[in-house]
Amino acid sequence: MQLTNRGKVVSNKEQSLAEKIYFPAIIKGMAITFSHLFKKRPTIMYPEVKRQYADVYRGQHVLKLDENGAERCTSCGMCAIACPAEAIIMESAERKKGEEHLYREEKYAKTYEINMLRCIFCGLCEEACPKEAIFLTDRIVDAEYERDTFIYGKDKLVEKIDKRIDVTKRQTPEVQEFKKLPGYKHNELYQKKLKK
Ligand code: SF4
Ligand code: SF4
């Protein structure tokens, strides 16, 4: 019984001598290879030459400190919940007296890890973060030989606020509007929209 119409009739035609010795096929293959010598190279000499990335490119993550050098992350877990690849894990701890300069909120991430091999760089963690702590940069995750080294902890992720990251190109006008609100009162914005 025929299941599909994709079947092909195979020819039983006797091969010619030229076909048997593969000579024309070899010449044809070499001609194709030779023709590439005169074509523009599609490859680049990385890392000496780097490609221009799209404005919406999302690469390696960072956990930003605030203006005073304190960690913004409050270990709320929103990024981990939003992550479709289950690439983020963290362990929370309570801020002690005298640690206000280290952690902005009363709760902070004692450990915070992203598995770069699991990550699909979708950016949902960045969107989910209510503290503007996690951002995806335009940096490429380094190639490594061991799988363990792709698990990035706070030692690799936390960085100062100095290197600003412009994420506006990958935000919708609605998100940009929301970000302008003092305290990001998105519920109020939502209520206002409902009343319109
Ligand atoms: S970019 Fe996407 S996949 Fe990667 S850690 Fe964030 S939410 Fe998970
Ligand atoms: S990075 Fe943001 S979303 Fe993730 S735990 Fe920290 S504060 Fe919450």
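1. A convenient place to enter this predicted model is the pair formed by Ile-114 and Tyr-152, where Ile-114 stands opposite Tyr-152 in strand E5. The strand E3, which covers residues 107-115, is joined to E5 by 2 bridges, and the two run antiparallel. These strands belong to an open sheet of 3 strands, ordered E2-E3-E5, in which the pairing is antiparallel. Its edges are strand E2 (88-94) and strand E5 (151-152), each of which pairs on one side only.

2. A second open sheet, also to be read slowly, consists of 3 strands in the order E4-E1-E6, and here the pairing is mixed. The edge strands are E4 and strand E6 (158-159), each pairing on one side only. Between E1 and E6 there are 2 bridges, and these strands run parallel; within this pairing Leu-63 stands opposite Val-158 in E6. As background for both sheets, strands of a sheet pair through backbone hydrogen bonds, either parallel or antiparallel.

3. For the chain as a whole, the count is 7 helices and 6 strands, and the order in which they follow one another along the sequence is α-α-β-α-β-β-α-β-β-α-β-α-α. The chain is more spread out than a compact globule, because its radius of gyration is 27 Å, well over the 16 Å that the globule rule gives for 196 residues. The C-alpha trace spans about 90 × 45 × 35 Å along its principal axes.

4. Two further values describe how the chain is packed. Of the 196 residues, 15% are buried. Among the contacts between residues at least 6 apart in sequence, 73% join residues that are at least 24 apart.

5. Helix H2 (23-35) deserves a separate remark on its geometry and its cover. Its 13 residues should span 18 Å at 1.5 Å a residue, and the end C-alpha atoms are 18 Å apart, which agrees. The helix is hardly covered, since the count of buried residues among its 13 residues is 0. For the reader following side chains along a helix, an α-helix has 3.6 residues a turn, so residues three or four places apart point the same way.

6. Which residues are the closest to ligand 1? There are 14 residues surrounding this ligand, and the closest are Cys-83, Cys-119, Cys-122, Leu-124 and Cys-125. By class, the shell around ligand 1 divides into 13 nonpolar residues, 1 polar residue and no charged ones.

7. Cys-83, one of the closest residues to ligand 1, can be followed in more detail. Cys-83 has its place in the loop between helix H3 (78-82) and E2. Is this residue buried or exposed? With 20 C-beta neighbours inside 10 Å, Cys-83 counts as buried, the cut-off for that class being 20 or more. Leaving aside its neighbours within four places in sequence, Cys-83 is in contact with Ile-88, Leu-124 and Cys-125. The C-alpha atoms of Cys-83 and Ile-120, which are 37 residues apart along the chain, are separated by 9.2 Å.

8. Ligand 2 is likewise surrounded by 14 residues, of which the closest are Cys-73, Cys-76, Met-78, Cys-79 and Cys-129. Its shell has 10 nonpolar, 3 polar and 1 charged residues.

9. Three points of backbone geometry should be checked by eye, beginning with the cis peptide bond that joins Tyr-46 and Pro-47, for which omega is about 5 degrees. Pro-47 lies in the loop between helix H2 (23-35) and strand E1 (61-64).

10. Tyr-22 has a phi near 60 degrees, a positive value in a residue other than glycine, and it lies in the loop between helix H1 (17-20) and H2. Tyr-22 is exposed, with 12 other C-beta atoms within 10 Å.

11. Glu-132 also has a positive phi, near 50 degrees, again in a residue other than glycine. Its position is in the loop between helix H4 (124-128) and strand E4 (134-136), and with 14 other C-beta atoms within 10 Å, Glu-132 is partly exposed.

How values were computed
Residues are numbered from 1 along each chain as its sequence is written. Chains are lettered from A and ligands numbered from 1 in the order in which they are written. This is a predicted model: local features need pLDDT of at least 70, side-chain atom pairs count only at pLDDT 80 or more; totals for chains, interfaces and linings use all residues. A residue is near a molecule or strand if its C-beta atom, placed from the backbone, lies within 6 Å of it. Ala, Val, Leu, Ile, Met, Phe, Trp, Tyr, Cys and Pro count as nonpolar, Asp, Glu, Lys and Arg as charged, and the others, Gly among them, as polar. Helices (H or I, at least four residues) and strands (E, at least two) are DSSP runs, numbered from the N terminus. The radius of gyration is taken over C-alpha atoms; the globule rule is 2.2 Å times the number of residues to the power 0.38. Two residues are in contact if their C-beta atoms, placed from the backbone, lie within 7 Å. Two strands pair if DSSP finds at least two bridges between them. The expected span of a helix is 1.5 Å times one less than its number of residues.
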